[in-house]
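Reader: I'm new to reading structures and would love a close look at just one part of this one. Could you pick out the salt bridges and walk me through them, along with the helices around them?

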Amino acid sequence: MSEGVTTTKMNTEFRRVLRKILRNPSAVLGFSLLIFFILVAIFAPVIAKPLNPMMLDEEGKPMKLDNPYIMPIITWSSEPVPPSREHPFGMIQGRDIFYGVVWGTRTAFYIGLTVTILSTIFGIIIGSIAGYYGGWIDEILMRITDTFMSIPFLLAAMVLTTILGNGLDKVMIAMTVFGWMGAARLIRANILQVKEEQFVLAAKALGIKDFFIIIKHILPNTIFPVLIQASMRMGSLVITAAGLSFLGLGAPLGYADWGSMLNFTRNWILGTSGSAFTYWYAVFYPGMAMVLFVLAWNLVGDALRDVFDPRLK
């Protein structure tokens, strides 16, 4: 009987959430854009086949790339080529922009999800320990957090990436090391409000270990704001990684990364007057992909906040 009641409540709650999302135009737009990028990332091998026209097999056909994330060189000429039927987004540095934008979607999800998950987990661990135990433990952990927060994020990531060396894995390590503090402070503040509730005090009185109290009783009631914050950080993390790649500190040369693609355009958009308009396609398509990707995550984060924030119900 209780299972049936629980299932009914879950179905009712799901319908309420779905109805609230569908009634919000910005939420519909955000989820639509996010689903679009997910589909592009999943079907990237179909949308942009990883072939290299400059490398032919025994039958004279283009060979498949060993690493599909490396944009194939179509021509050795570095002169930008405007959009055409064969290359709808044009070419830059001999590489197809359409291919880079499509496979760059996978790179964006890989960077955003990896850094967000790792930094959020680490922040939750630090914030949970500080908020639950309090006292000198809280004081030490929060002063460490404040120290990390006092360092400009982008500058710190640039310095650590320079020390570790170039590469996306180094970029993600740098962003994870300097990206956990927001989650830590938010979960700590939530736990400070919840740990004095009756159900937590009752669990302590029953002798339940602190670890299980945090996992089973406290985090389920405090973690939603952290998850919402994490979803809204996804876009900013991708922008940061793209900025490092644009500066030559991120993805290797020719990697399907939106920031790395914009790096190819520096010699043209900063050259003679009017070059930015002449070669607009080299900047527009990867730049627009980043804008829409960030917009999607921001709108989704706003929608989740509106749905799960009890003050807005």
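Author: Let's start with a word we'll need: a residue is called buried when its relative accessible area is under 20%. Keep in mind, too, that this is a predicted model.

Now to the salt bridges. The structure holds five of them. The general idea is simple: side chains of opposite charge can pair when their charged atoms come close.

Take D138 and R188, whose side chains meet in a salt bridge with a distance of 2.7 Å from N to O. D138 sits in helix α5 (residues 135-149) and R188 in helix α8 (residues 181-194), so this pair ties together parts that are 50 residues apart in sequence. Where do D138 and R188 stand, buried or exposed? D138 is buried, and R188 is buried as well.

Stay with helix α5 for another pair. D146 makes a salt bridge with R143, and their closest N and O atoms are 2.7 Å apart. Here both partners belong to α5, three residues apart, or about one turn of the helix. Why does that spacing suit a pair? An α-helix has 3.6 residues a turn, so residues three or four places apart point the same way. D146 counts as partly exposed because its relative accessibility is 28%, and R143 is partly exposed too, with a relative accessible area of 38%.

R143 and D146 also have company: together with E139 and R185 they are linked in a network of salt bridges.

One more pair to look at is D169 with K170, where the closest N and O atoms are 3.2 Å apart. D169 is partly exposed at 42% relative accessibility, and K170 is partly exposed with a relative accessible area of 22%.

Next, let's step along the chain to what comes before α5. Helix α4 covers residues 97-133, which makes 37 residues. At 1.5 Å a residue it should span 54 Å, and its end C-alpha atoms are 53 Å apart, so the two values agree. Even so, α4 bends by about 30° at G104. Just after α4, you'll find G134 with a positive phi of about 65°.

You can tell a similar story for helix α11, residues 224-246. Its 23 residues should span 33 Å at 1.5 Å each, and its end C-alpha atoms lie 34 Å apart, which agrees. α11 bends by about 30° at R233, and just after α11, G248 takes a positive phi of about 85°.

How do these pieces sit next to the database labels? The unreviewed UniProt entry annotates "transmembrane region" for several stretches, including residues 108-135, 147-165 and 237-258. In the model, the 147-165 stretch is 79% helix and 0% strand, with its end C-alpha atoms 24 Å apart. Residues 26-48 carry that UniProt annotation as well, and they come out as 91% helix and 0% strand, with 30 Å between the end C-alpha atoms.

For a contrast with all those charges, look at the surface there. I35, I38, L39, I42, F43, V46 and I47 form a nonpolar patch with about 630 Å² of accessible area together. Helices α2 (25-42) and α3 (44-47) each give two or more residues to the patch, and α2 supplies the largest share, four residues. One of the patch members, I38, lies in α2 and counts as partly exposed at 34% relative accessibility.

Key. Residues numbered from 1 in each chain as written. Predicted model: local features only at pLDDT ≥ 70, side-chain atom pairs only at ≥ 80, totals over all residues. Heavy atoms only, no water. UniProt positions renumbered as here; feature names shortened; annotations may be inferred. Expected span 1.5 Å × (residues − 1). Bend = angle between axes of the 7 residues up to and from the residue. Patch = residues over 30% accessible without salt bridge, like charges linked within 9 Å, V, L, I, M, F, W, Y side chains within 5 Å. Areas by Shrake-Rupley, 256 points an atom, 1.4 Å probe, with all protein chains shown as cover. Salt bridge = Lys/Arg side-chain N within 4 Å of Asp/Glu carboxyl O. Buried < 20%, exposed > 50% of the residue type's maximum accessible area, 1.4 Å probe, protein only.
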